[in-house]
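Let's walk through this protein together, from its overall make-up down to a few individual side chains. Keep the viewer open as you read.

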Amino acid sequence: MMGPMTLSDTVAEIGAWGLENGHRALLALTGGRFPKRLLGMQTLELHTIGRTSGQRRNTMLTAPLYSKDRVVVVASKGGHSDHPDWYKNLTANPDVEITVDDVTTPWTARPATPEEKAALWPQIVKTYSGYDGYQKRTDRDIPVVICTPR
């Protein structure tokens, strides 16, 4: 059972919701011509299967590390004390899809090991320093997710 949300969690929740829905709204308004990069990161849509509903779930994210054979995303939720739902979904079912430039492809997602996260984190915060602030804002160890083509 989750306890009451703190003010920090409320701010993080509003910020995460605003980024997600603002990104989605801009995509709709521009007919999908929203910038392909945001804050120096590749924009993408992650498709997971809901861990309890079994329904397809879509989340707009940015990938601080992106290549054709590896996509790295960060389950920061703006420094919230709880993991984002998309992360909980992919840990229950690692078969995901990623859409970039209107092309959807199958991937396998997994949390980085502590050693992998330690190696990736400096590259991640070099791309977007905000992740460091999110980690400082929460006691939760923010997961780094590595996706590879399926």
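How much area does the protein expose, and what share of it do carbon and sulfur atoms supply? The exposed area is about 8400 Å², and carbon and sulfur atoms supply 57% of it; accessible areas come from the Shrake-Rupley method with a 1.4 Å probe, and for residues only the protein chains shown count as cover. Before going further, note that this is a predicted model, in which local features need pLDDT of at least 70 and side-chain atom pairs count only at pLDDT 80 or more, while totals for chains, interfaces and linings use all residues. Residues are numbered from 1 along each chain as its sequence is written, and side-chain values use heavy atoms, with hydrogens and water left out.

Now for the overall layout. The protein has four helices and eight strands, which are DSSP runs numbered from the N terminus (helices: H or I, at least four residues; strands: E, at least two). Read from the N terminus on, the order is α-β-β-β-β-β-α-β-β-α-α-β. Of the 150 residues, 41% are buried, where buried means under 20% relative accessible area, exposed over 50% and partly exposed in between (1.4 Å probe, protein chains only). Among contacts with a separation of 6 or more, 64% join residues 24 or more positions apart; contact means heavy atoms within 4.5 Å.

Helix α3 (residues 114–127) is a good place to look next. Its 14 residues should span 20 Å at 1.5 Å a residue, and the end C-alpha atoms are 20 Å apart, which agrees; the expected span is 1.5 Å times one less than the number of residues. The helix bends by about 40° at L120, with a proline, P122, following within four residues. That bend is the angle between axes fitted to the seven residues ending there and the seven starting there. The buried residues of α3 are K117, L120, W121, I124 and V125, and their cover includes β4 (65–67), β5 (70–74), α4 and β8 (144–149). Within this group, the charged end of K117 sits over the ring of W121, 4.9 Å from its centre (the criterion is NZ of Lys or CZ of Arg within 6 Å of the ring centre and within 35 degrees of the ring normal).

Which residues do ring pairs link into a cluster? They are Y128, Y131 and Y134. Rings of Phe, Tyr and Trp (its six-membered ring) pair if their centres lie within 6.5 Å; planes under 30 degrees apart count as stacked, over 60 as edge-to-face and the rest as tilted. By this rule the count comes to four aromatic pairs. One of them, Y128 with Y134, is tilted, at 6.3 Å centre to centre and 55° between the planes. Y131 and Y134 have ring centres 5.9 Å apart and planes at 80°, so this pair is edge-to-face. Y131 and Y134 are about one helical turn apart, because they lie three residues from each other in helix α4 (residues 130–137). Both are buried, Y134 with a relative accessible area of 13%.

Finally, turn to the loops. K68 lies between β4 and β5 and is exposed at 77% relative accessibility. Leaving aside neighbours within four places in sequence, K68 is in contact with W107 and P149. In the loop between β6 (95–100) and β7 (103–111) sits D101, which has a positive phi of about 55° although it is not a glycine.
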